[in-house]
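Here are my notes on the model you sent. They cover the ligand site and the salt bridges.

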Amino acid sequence: MKLRKKGLFVLSFMLVAVAALAQATDNRMKIFIDKLMEKMTLEEKIGQLNLPVSGEIVTGTAKSSDVAEKIRKGEVGGLFNLKGVDKIREVQKLAVENSRLGIPLLFGMDVVHGYETVFPIPLGLSCSWNMKTIEQSARIAAIESTADGINWTFSPMVDIARDPRWGRVAEGSGEDPFLGSEIAKAMVRGYQGVALKNKTEMMACVKHFALYGAAEAGRDYNTTDMSHLKMYNDYFPPYKAAIQAGAGSIMASFNEVDGIPATANKWLMTDVLRKQWGFNGFVVTDFTGISEMVEHGIGDLQNVSARALNAGIDLDMVSDGFVKTLKKSILEGKVTVETIDRACRRILEAKYKLGLFDDPYKYCDLNRPKYDIFSPEHRAFARQVAAESFVLLKNENNLLPLQMTGRIALIGPLANNRANMVGTWSVAAVHANVPTLMEGLQQAVAGKAQIMYAKGSNLVADTAYEKRATMFGRDLHRDGRSDRELLDEALKIAEQSDVIVAAMGESSEMSGESSCRTNLDLPDVQKTLLQALMSTGKPVVLVYFAGRPTTLNWEQANLPAILHVWFGGSESAYAIADVLFGKTNPSGKLTMTFPKNVGQIPIYYAHKNTGRPLPEGKWFEKFRSDYLDVDNEPLYPFGYGLSYTQFSYGSIELSRNTMTNQGSITASVVLTNAGKVDGSEVVQLYLHDKVGSVTRPVKELKGFQKIYLKAGQSQKVTFTITPDMLKFYNYDLQYVSEPGEFDLMIGANSRDLQKTSFTLQGK
Ligand code: NOJ
């Protein structure tokens with residue numbers, strides 16, 4: 001007891017000391033920035049609020065580039081998506097040595113899922129449900145990009161997304177606010193490290209604030225419109241979590257919120273973000289978010305720029321609205337100097353926190369790229385992460401893992417391509433370094449089995465569609481032969497094989513920004529090819545590439561094995577081989593619900609019950625909430641994913657079946673690896689508040705644990721239910737828990753759950 005008291009005393013002393021240190025640092029920063037701002041002209045202050053496109057700066061041309069003159073005049077706060085530490089150093093030098101006050105620049109980039117070592121697209125990464133892995137992937141991304149001069153990343157993207165038509169679901173962590181929040185925190189920790197002190201730590205930028213994932217009809221940049229209840233309970237949590245984890249900046253979204261574009265929405269940017277959540281970093285627009293408000297129809301460039309600044313935007317990406325109009329707006333009383341000072345201070349604070357005033361070249365060590373980028377260690381980790389992101393959707397009669405013998409036919413438009421392995425938003429990837437799936441498989445089976453390849457089909461029959469879906473250097477090298485010729489060649493090879501691996505799905509640019517789809521079936525020519533391959537009678541394994549949930553009904557009904565591999569990054573070819581041949585046991589679980597057809601969208605597990613729910617087990621009943629032509633169930637539920645082993649769950653044990661707001665209870669199950677292979681299982685905990693002052697979802701994820709068990713091994717898995725886990729935002733947007741009965745469910749996915757209940761006591 002004495003020891004415990006002593007421990008607590010030491011802990012409180014340490015906390016006080018840390019707080020005092022932080023206060024002293026804040027004071028020092030304030031004094032430094034006060035002094036600097038005293039020297040700044042109005043133009044220089046507005047200059048700090050400007051983030052132009054870097055243009056094509058080639059090493060040696062920085063001084064004469066179009067932005068150079070602006071940098072010299074102090075009209076630029078930072079640049080983005082400029083690759084190469086040599087170029088960045090040169091530009092930084094220009095700012096530090098040739099502008100009047102020598103204020104260093106921020107260098108941003110979309111380092112979304114790795115740098116040159118590319119990790120799986122974020123949606124895939126989220127399917128690992130492994131927070132350590134996710135944090136470490138962000139850490140490596142930070143090590144590599146800071147080695148190349150970047151000090152600020154436009155990541156994590158934390159938009160909740162429940163509509164797979166929207167191409168940008170690829171960039172986020174799926175549909176769930178709890179899981180999304182955990183991932184948001186892990187990413188921020190990974191990027192920012194301890195406190196941005198180290199030269200491998202970079203500033204995170206949470207995006208896109210807010211509700212970007214709720215674009216109507218799944219069409220990018222489209223309107224969003226939702227109740228505040230839904231915002232606070234379902235869509236806001238990951239942004240808030242990232243901010244509480246210390247994210248230094250946040251990006252406004254393109255869409256409107258409550259009829260006002262987010263970029264000019266003062267309620268969002270000031271009341272919610274700063275007053276309610278205590279955010280003290282800076283806010284950047286998304287690209288031309290300011291000038292786009294002219295198209296939104298809320299004013300001319302001068303007026304929308306003033307509205308953005310007054311709402312709480314600090315940095316104008318690309319639109320030039322601030323530099324072009326703010327001076328005039330001061331004269332006309334549309335903005336005040338104090339508001340400009342406020343924004344300028346926030347940008348300078350970010351630079352201060354990054355240590356750029358101490359050493360503007362902190363991130364410009366020309367030696368680092370040699371050993372810090374695309375290193376063997378980073379690549380080995382990326383291979384492991386990629387395998388962990390794959391989701392085994394079907395595996396009839398244990399077709400997988402495959403034996404390394406005989407003849408393996410590798411067929412499909414994605415079987416022999418580099419550029420499409422890394423996925424969308426991999427700005428820094430070097431495609432030449434990325435092995436194709438064929439190379440990955442060949443290396444794995446060398447000397448043991450034979451890989452026989454045919455393309456089999458193009459991506460889609462329509463040439464123009466394929467062009468739209470393979471932009472930005474992601475060519476799939478369209479084959480000029482007819483569909484029939486391609487098919488015949490593939491069938492010939494298939495006939496000679498023992499097993500067929502079909503590498504099909506989306507191209508990498510079929511998801512991501514401005515890549516929305518209304519038909520989520522496997523594209524026409526690929527489907528025909530797959531059907532023909534099936535008709536050979538040979539076993540077919542579908543290795544399925546996609547950046548979103550798609551509609552795989554035919555595939556699920558007819559194929560023996562489906563492995564969803566998303567876009568696994570630079571090492572994915574090796575990782576796919578690892579899983580196909582059983583070196584790694586798949587453990588990924590879906591983080592978005594897969595619909596049966598597009599008409600079911602938006603579809604998500606945490607839906608409301610409605611007043612007319614469909615009775616369990618039925619798929620249609622008149623005057624119930626259902627469809628005439630399809631049942632309500634998804635094809636694959638949230639949290640679903642198979643393994644090469646089988647896990648069995650014992651029954652749930654509660655420590656008590658009542659709790660109070662001061663206490664907690666535990667819920668345990670014994671998990672057993674009942675199969676023959678070692679493997680990991682994601683044990684999921686869901687709660688349902690049975691009676692509320694407002695309607696509550698039928699279930700909500702509230703905990704998960706990824707457990708590794710050797711074949712035959714068992715482990716007790718325990719969750720602690722705390723009062724906080726029972727809270728939600730009520731009609732008045734107060735965060736409360738309400739006494740009453742709760743269902744508690746534990747299981748392998750959001751559908752296959754055991755259920756018990758407990759009561760929260762109180763008035
Ligand atoms: C637009 C995208 O919406 C955003 O995610 C990205 O960070 C910026 N462009 C900068 O490239």
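1. A salt bridge here means a side-chain nitrogen of Lys or Arg within 4 Å of a carboxyl oxygen of Asp or Glu. The model is predicted, and a search of the whole structure finds 48 such pairs.

2. Glutamate 388 and lysine 706 form one of these salt bridges, with their closest N and O atoms 2.8 Å apart. Glutamate 388 belongs to helix H16 (residues 376–389) and lysine 706 to strand E22 (residues 700–709), so the bridge ties together parts that are 318 residues apart in sequence. Glutamate 388 is buried at 12% relative accessibility, while lysine 706 is partly exposed at 22%. Elsewhere, Lys690, Glu741, Asp743 and Lys755 are joined into one network by salt bridges that share partners.

3. Aspartate 34 meets arginine 345 in a salt bridge of 2.6 Å, N to O. The two sit in helix H1 (residues 2–39) and helix H14 (residues 337–353), so this pair links parts 311 residues apart in sequence. Aspartate 34 is partly exposed at 22%, and arginine 345 is partly exposed at 24%.

4. Within helix H10 (residues 266–276), lysine 275 and aspartate 271 are four residues apart, about one helical turn. Their side chains form a salt bridge of 3.5 Å, N to O. Lysine 275 is exposed at 63%; aspartate 271 is partly exposed at 27%.

5. Which residues come nearest to the ligand? Of the 14 around it, they are Asp110, Arg168, Lys207, His208 and Asp286. The shell divides into seven nonpolar, two polar and five charged residues.

6. Polar side-chain atoms lie close to ligand oxygen atoms at arginine 168 (2.6 Å), lysine 207 (2.9 Å) and aspartate 286 (2.4 Å). The protein buries 97% of the 300 Å² that the ligand exposes when taken alone.

Terms used. Residues numbered from 1 in each chain as written. Predicted model: local features only at pLDDT ≥ 70, side-chain atom pairs only at ≥ 80, totals over all residues. Heavy atoms only, no water. Near = heavy atom within 4 Å. Polar contact = N/O pair within 3.5 Å; in protein donor to acceptor, adjacent residues only side chain to side chain. Areas by Shrake-Rupley, 256 points an atom, 1.4 Å probe, with all protein chains shown as cover. Nonpolar A, V, L, I, M, F, W, Y, C, P; charged D, E, K, R; others polar. Buried < 20%, exposed > 50% of the residue type's maximum accessible area, 1.4 Å probe, protein only.
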